[in-house]
Structures are given as C-alpha cells and as structure tokens.
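Colleague: Please take a close look at a single part of this model for me. Show me how two packed helices sit against each other, and then what the record marks elsewhere.

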Amino acid sequence: MKRENQNHSANEQAALAQDEARDGFLPRAQLVDLLGQRSIVLIGIMGSGKSTVGRRLAHRMGLKFVDADNAIQEAANMTIPEIFASHGEAYFRSGEERVIARLLQEGPQVLATGGGAYMSGSTREAIAEAGISIWLNADFETVMARVRKRTSRPLLQTPDPEGTMRQLMADRYPIYAKADVEIHSRDVPHETVAEDIMIGLSQYLLSTSASNGTRDLEVPVAD
Ligand SMILES: Nc1ncnc2c1ncn2[C@@H]1O[C@H](COP(=O)(O)OP(=O)(O)OP(=O)(O)O)[C@@H](O)[C@H]1O
Ligand SMILES: O=C(O)C1=C[C@@H](O)[C@@H](O)[C@H](O)C1
Ligand SMILES: [Mg+2]
C-alpha cells in the first residue's frame with residue numbers, strides 16, 4: 001500500500017517507509033542513513049555464517065567488513081588455535097573483549113564476532129551501545145555439516161564434537177536470543193541470508209526510529 005506523500009509528520013513518514021519495507025527492505029541509502037555510526041554486529045554459533053554472510057552483507061550495503069577473529073589473530077600475531085594452545089581460553093576471551101570494544105568505535109561497518117564473544121556481559125553492553133546485534137540462528141544439523149571438517153575451531157577438538165556442539169548451543173542460545181534481530185541461517189545462498197538480514201534490519205530500524213515519536217507503529221512482519 002502506498003500513501004499520498006504530502007506534509008507527513010515524522011511518524012507518518014516512518015509508517016510510509018514501513019509500507020514500502022513490507023515487501024522487502026529499505027533502499028540501501030536509507031538503511032545506511034538510519035544506521036548512522038552504529039555497527040551491524042553478527043553473532044551466533046560457529047558455522048552460522050557470520051564471516052561469510054557478513055562479508056556479502058557489507059558489500060551489498062557499501063560498508064566495510066571486519067572479522068573480530070581475524071583482528072584478534074592480527075593483534076596477537078598468532079592463529080586462534082595457537083592462542084588457545086599457548087595461553088588458554090581465558091586469555092583469548094579477554095583479548096576478544098578488548099578487540100571488539102576497539103572495533104566498535106569504528107562504525108558504521110559490518111562486524112562479524114567470534115562464536116563465544118556475545119557470552120561476555122561487557123561485550124553485550126558495548127554492542128548495545130554502539131551497534132545493532134543480529135543473531136544468525138542455525139540448527140544443529142546445519143552447523144555440524146559446515147564445521148565437521150575444519151580443525152580451526154579449538155572448542156570442537158574434543159572426543160565428541162557433536163556432544164560439545166549440543167552443549168554449546170544449550171548454553172548459548174538463550175543468550176544469543178537477547179540480540180536485537182534474529183535471522184534464520186539455513187542452507188540457501190549466502191546472498192539470501194544477507195537479504196534476510198537487510199529485511200530484519202529494516203524492520204528493526206523503522207520500529208526503533210518510530211518509537212521515538214508520539215505513537216507506536218506496528219513492525220512489519222516478513223513472509
Ligand atoms: N547460507 C549458507 N549456505 C551454505 N553454506 C554456508 C552458508 N553460510 C555459511 N556457510 C558455510 O559454512 C561455513 C562456516 O561459515 P562461516 O565461517 O561464515 O561461519 P562463522 O559463523 O563465521 O563461524 P566461526 O564462529 O567459527 O567463525 C563456511 O564454509 C561457509 O561457506
Ligand atoms: O564459539 C567459540 O567460542 C569460538 C568461535 C570462533 O569464532 C573463535 O572465536 C574461537 O574459535 C571460539
Ligand atoms: Mg567467523
């Protein structure tokens with residue numbers, strides 16, 4: 001539905017844009033405008049697609065892409081398995097908190113985090129202040145099929161990687177669910193998940209910019 005476009009209040013303009021977003025997502029320029037200096041922060045379990053989908057999303061939106069795992073490796077001049085092996089997980093986690101806090105000062109951008117980053121309360125607060133959190137929610141079979149062959153994930157180097165993954169999901173999914181936006185990561189082209197993120201982001205940005213006005217607006221629901 002399109003509305004006549006004359007003398008609209010801020011809320012009416014937001015409602016108008018919501019109508020346009022109902023079938024998809026806001027035009028890129030408007031999305032970037034509403035984003036301001038904030039980062040789009042991708043969170044989720046190993047293999048959910050944060051790095052590969054994030055890179056495509058950044059390209060689509062004309063934003064830079066930063067991968068926190070890569071930034072940690074550069075800062076330490078070691079690979080993640082090497083950091084875990086020489087210094088342990090606690091050392092990795094404190095480096096991860098510092099690196100993500102620094103990267104969050106550099107928005108707007110798409111920031112892919114490591115799978116455990118959002119479990120830190122201080123990182124969640126830093127993301128809430130400077131970013132919009134997007135949870136790539138993937139099911140067990142999907143992520144296992146993606147990570148099974150890789151040795152680059154030290155947390156899965158256990159005698160029972162499937163059991164470890166199930167436990168990580170049970171511990172983490174209630175925390176990931178605190179994210180601003182939830183997107184279903186599934187076996188469709190990466191580009192499709194990137195578009196789903198743009199739809200979810202459009203709805204989130206419209207609903208939060210509208211709620212600054214005098215009346216609440218309904219958030220459009222994607223098909
Ligand atoms: N939508 C998708 N369809 C098919 N394969 C995908 C999809 N998303 C991700 N993958 C594949 O799954 C693997 C893991 O993806 P990716 O590295 O992006 O995950 P991640 O969330 O960054 O994981 P980690 O937390 O370990 O860094 C890659 O081989 C990637 O190509
Ligand atoms: O899920 C996790 O805790 C991790 C995921 C990876 O992205 C890396 O950050 C590291 O291997 C730890
Ligand atoms: Mg990654």
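**Helices H8 and H9**

Modeller: In this predicted model, H8 and H9 are oblique to each other, because their angle is about 130° and so falls outside the ranges for roughly parallel, perpendicular or antiparallel. Two packed helices are described by the angle between their axes and the distance between the axes. Here the axes lie 11 Å apart. Helix H8 covers residues 140–147, and helix H9 covers residues 161–176. The crossing of H8 past H9 is right-handed.

Now the residues that touch. H8 brings Phe140, Val143, Met144 and Val147 to the contact. H9 brings Pro161, Glu162, Met165, Arg166 and Met169. Sorted by class, the contact of H8 with H9 holds seven nonpolar residues and two charged ones, with no polar residue.

Next, the record. An unreviewed UniProt entry places the feature "binding site" at Asp69, Arg93, Gly115 and Arg172. Asp69, Arg93, Gly115 and Arg172 are in the lining of the largest pocket. Gly115 sits in the loop between strand S3 (109–112) and helix H7 (121–130).

The unreviewed UniProt entry also gives "binding site" for Gly47, Ser48, Gly49, Lys50, Ser51, Thr52 and Arg153. The lining of the largest pocket includes Gly47, Ser48, Gly49, Lys50, Ser51, Thr52 and Arg153 from this set. Ser48 is found in the loop between strand S1 (39–43) and helix H3 (50–61).

Notes. Residues numbered from 1 in each chain as written. Chains lettered and ligands numbered in written order. Predicted model: local features only at pLDDT ≥ 70, side-chain atom pairs only at ≥ 80, totals over all residues. Heavy atoms only, no water. Axes fitted to C-alpha atoms, helices over the stretch in contact; angles between N-to-C directions. Helix = DSSP H or I, 4+ residues; strand = E, 2+ residues; numbered from the N terminus. Parallel < 35°, antiparallel > 145°, perpendicular 65-115°, else oblique. Left-handed = near helix turned anticlockwise from the far one by under 90°. Contact = heavy atoms within 4.5 Å. Nonpolar A, V, L, I, M, F, W, Y, C, P; charged D, E, K, R; others polar. UniProt positions renumbered as here; feature names shortened; annotations may be inferred. 1 Å grid on protein atoms, 1.4 Å probe; cavity = no way out; pocket = protein on both sides within 12 Å on 5 of 7 lines; lining within 4 Å.
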